[in-house]
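Here are a few short exercises to work through with the model open beside you. Try each task before you read its solution.

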Amino acid sequence: MIKILIAVIFFIYGLQVGSSHMFPFELIKGSYQVVKNIINGSMDYKNLEECRLEQLNEIPSDSTIIIGHAYGSKSEVDGYLASGVENFLNKNREKIDKVILTGDVFAVPSLEKWNALHQQFISSFQIYVAPGNHDIDTLASNEIFNMSKFGFKESISINDDPHLIIENSVSTNMLMNDFTVNLVNKTKQSSVYLFRHHVPVQELIKASNLDYSSNKLLPNVNQFANQFTKVENFVVVSGDSGRYASRPRITCNKYKNITFVTNGIGDREGDVILVLNNGRLSYFKI
């Protein structure tokens, strides 16, 4: 009788964990993904050469800051930016020229949150958002995003040196849209930085917060690179990473003329953000 009672209690608690994502849901999910990686053999960065970014000890003046998965682990309806992200932006206001948020800015977005983000920092620097699935994955959230100061449909082109492009990868189901491809190929700059939420190639799925079933939708790295043979230096930065303990905070890989970087916040010790200054991409621990 006691064994049956214990079994029933564990069963009910398991249902609660699965439905409410309470402890130890994230731990179980992270462990599951690690095992799945090993089973699928997806821990191998096939065809990609590893590269390393320089770590900065301080933020240079006039920097562009890139932050993926800015809400960290705050999944509550009233959650805002991860505290480490908000503290970093407030502390370094005078050194920042632009901030590019590469998706999943809020776990549960609202017009009030987008307006609060704009009002909080607009006097110090410009903010651009490459939306993630949390930001615009429903008709309602997409409408809200487009009503905000950050809304756009395909891509935003900033003709600096290097050329900066912010892309909406949700609207094309993670694939590159034709408008963005044309922007990259027609650039007059030797370097192009593309900022998006999703990883663009199959080989990087393992660095992403996404489930591996999405793998089949993406091109492999060779198919991707064949679209961009005229650009001397093409850097693709994706923000859908780092949330889980099983995901790296930052990756850097190269293939031919393309550098792929992933980065995201998980509200854990060792979280990093990216810094673009004088055409050089580095990282900084927050």
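**Exercise 1.** In this predicted model, find out whether Asn-278 is buried or exposed, then look at its backbone.

*Solution.* Start with the area: the relative accessible area of Asn-278 is 80%. The cut-off for exposed is over 50%, so Asn-278 counts as exposed. Next, place Asn-278 in the chain: the loop between β12 (272-277) and β13 (280-285) holds this residue. Finally, check the backbone: Asn-278 has a phi near 55°, a positive value in a residue other than glycine. Most residues other than glycine have a negative phi.

**Exercise 2.** Now do the same for Asn-173: where does Asn-173 lie?

*Solution.* Look between β7 and α7 (178-185), where Asn-173 sits in the loop. Its relative accessibility is 47%, so Asn-173 is partly exposed. The phi of Asn-173 is positive too, near 55°.

**Exercise 3.** Find the residues joined by a cis peptide bond.

*Solution.* Follow omega to the bond between Asp-161 and Pro-162, where omega is about 5° and the bond is cis. Pro-162 belongs to the loop between β6 (155-158) and β7 (163-167). Most peptide bonds are trans.

**Exercise 4.** Which residues of helix α4 (residues 111-121) are buried, and what covers them?

*Solution.* First, list the buried residues: Lys-113, Trp-114, Leu-117, His-118 and Phe-121. Seen down the axis of α4, they fall within an arc of 135°, so they line one face of the helix. Then turn to the other side of α4, where Glu-112 and Gln-119 are exposed. Last, look at the cover over the buried residues, which includes α3 (83-91), β4 (96-101) and α6 (139-147).

Technical notes:
Residues numbered from 1 in each chain as written. Predicted model: local features only at pLDDT ≥ 70, side-chain atom pairs only at ≥ 80, totals over all residues. Heavy atoms only, no water. Buried < 20%, exposed > 50% of the residue type's maximum accessible area, 1.4 Å probe, protein only. Helix = DSSP H or I, 4+ residues; strand = E, 2+ residues; numbered from the N terminus. Arc of directions from axis to C-beta. Contact = heavy atoms within 4.5 Å.
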